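Subject: The structure I promised you

Hi there,

Here is the structure we talked about, so open it up and keep it on screen while you read. My notes on what turned up come right after it.

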Amino acid sequence: MRDDEIIKNFNLKRVTVPTSYGPVHRCYYGEIYNVPVLIIYGRFNGEKSPSNEINHQQTIEVVKNCGISKLIGTFVVGGIKPENEQGTVYIIDDFIGMGNYKIDWDYNSPFRNAEMIQPMCSNLQKRLKEATMNVDFPVVNNAIYICFNGYPRIETRAELNFYESIGGDCVGQTLDPEATISRLNGICYAALAVQIDSPQARTKYANDIKKDPKANAYSMSISDCRKRTSLIILNFLKNFSNDKCNVCAKLKRVNNNFKEFPKEFYE
Ligand SMILES: [Zn+2]
């Protein structure tokens, strides 16, 4: 998450975490309401790139190398449904991956596919829901995130119509493979998203600038949107409960039995 206020107010200290992809400098460590936390500031390590080139594996390695077992991803997303306005917050229950991203695979480790029938940690998801009880903005529980990867653009109208027809609530470019890599590493993972635009606002803007080149794009700023997910994270930490989870680590699955063909076939 990117939250300068939280980093300053809770006096978090910048630390560098080594990974096999090189050091990550954008980490802030400290305590919030007596809970030890690490904030990883954004998903880019230095250079900005299209979403399919973001090194999510490096970020998750930071989490793993620090011995952290619970991770919450925060996202700024696009709206899909006309009834949901800018600023709506989503607690993600599931996602639909539209593919087109790349993960480096360690060919020396046994191959396995993570079990993603329930991609989010149900304990974390429950606690996030509790943390939204008294907020004064709209929250959609059990949301479905459409993960559209890899293009230096946002969605077309036809894509939004399609995403709505397949049950999507919001659309973004980074939840997957972050969730998948978390699961492959047995980390409890949950996701919180805030909607920055809406199909109506985007259409209105495209029409407005035909008449007035100075027309405003969208009414809600990205920092106002992020304040909402930050408030929920702070509520979550205020009432933090270190729930034991036996599920997520199991679902990473291991496969130590892979063999190309039986041994006698070599003879
Ligand atoms: Zn879990």
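Before we start, one term you'll need: a residue is called buried if 20 or more other C-beta atoms lie within 10 Å of its own, and exposed if 12 or fewer do. Also keep in mind that this is a predicted model.

With that cut-off in hand, have a look at helix 5. Nine of its 10 residues are buried, so the helix is mostly covered. The buried ones are Leu-175, Asp-176, Pro-177, Glu-178, Ala-179, Thr-180, Ile-181, Ser-182 and Arg-183. Two of those names come up again straight away: Asp-176 and Pro-177 are joined by a cis peptide bond, with omega at about 20°. Pro-177 itself belongs to helix 5. And if you follow the chain just past the end of helix 5, you reach Gly-186, which has a positive phi of about 70°.

What does helix 5 pack against? A bit of background helps here. Two packed helices are described by the angle between their axes and the distance between the axes. In our case, the axes of helix 2 (residues 56-65) and helix 5 (residues 175-184) come within 9 Å and cross at roughly 40°. The two helices are therefore oblique to each other. Their crossing is right-handed. On the helix 2 side, the contact is made by His-56, Gln-57 and Ile-60, while helix 5 contributes Pro-177, Glu-178, Ile-181 and Ser-182. Sort the residues of this contact by type and you get three nonpolar, three polar and one charged. Notice that Pro-177 takes part in this contact as well as in the cis peptide bond.

Now for the strands. Strands of a sheet pair through backbone hydrogen bonds, either parallel or antiparallel. Start at the beginning of the chain, where strand 1 (residues 13-17) and strand 2 (residues 24-32) pair in the antiparallel sense over four bridges. Two pairs to find on screen: Val-15 has Cys-27 of strand 2 as its bridge partner, and Lys-13 has Tyr-29 of strand 2. The hairpin of these two strands has six residues between them, and there Gly-22 takes a positive phi near 115°.

Strand 2 also has a partner in strand 3 (residues 35-40): the two run antiparallel and are joined by six bridges. Here you can spot Tyr-28 standing opposite Ile-39 of strand 3. This hairpin has two residues between its strands, and Tyr-33 takes a positive phi near 50°. Asn-34, in the loop between strand 2 and strand 3, has a positive phi as well, of about 65°, although it is not a glycine. Is Asn-34 buried or exposed? It has 8 C-beta neighbours inside 10 Å, so Asn-34 counts as exposed.

There is another asparagine to look at. Asn-11 sits in the loop between helix 1 (4-9) and strand 1. Its phi is positive, about 55°, although Asn-11 is not a glycine. Because Asn-11 has 10 C-beta neighbours inside 10 Å, it counts as exposed.

Next, the barrel. Five strands close into it in the order 4-7-6-5-8, and the pairing is mixed. From one strand to the next, the twist averages 50°. One pair to trace is strand 5 (residues 89-97) with strand 6 (residues 139-147): these run parallel and are joined by seven bridges. Within that pair, Tyr-90 stands opposite Val-140 of strand 6.

One last residue, and then I'll let you explore. Asn-123 is part of helix 3 (residues 122-131). It has 19 C-beta neighbours inside 10 Å, so Asn-123 counts as partly exposed. Which residues does Asn-123 contact, leaving aside its neighbours within four places in sequence? They are Cys-188, Asp-243 and Cys-245. Take Cys-245: it is 122 residues away from Asn-123 along the chain, yet their C-alpha atoms are separated by 7.2 Å.

If you want a route through all this, try helix 5 and its contact with helix 2, then the hairpins of strand 1, strand 2 and strand 3, then the barrel, and finish at Asn-123.

Have fun with it!

Notes:
Residues are numbered from 1 along each chain as its sequence is written. This is a predicted model: local features need pLDDT of at least 70, side-chain atom pairs count only at pLDDT 80 or more; totals for chains, interfaces and linings use all residues. Axes are lines fitted to C-alpha atoms, for helices over the stretch in contact, and angles run from 0 to 180 degrees between N-to-C directions. Angles under 35 degrees count as roughly parallel, over 145 as roughly antiparallel, 65 to 115 as roughly perpendicular and the rest as oblique. A crossing is left-handed if the near helix is turned anticlockwise from the far one by less than a right angle, and right-handed if clockwise. Two residues are in contact if their C-beta atoms, placed from the backbone, lie within 7 Å. Ala, Val, Leu, Ile, Met, Phe, Trp, Tyr, Cys and Pro count as nonpolar, Asp, Glu, Lys and Arg as charged, and the others, Gly among them, as polar. Two strands pair if DSSP finds at least two bridges between them.
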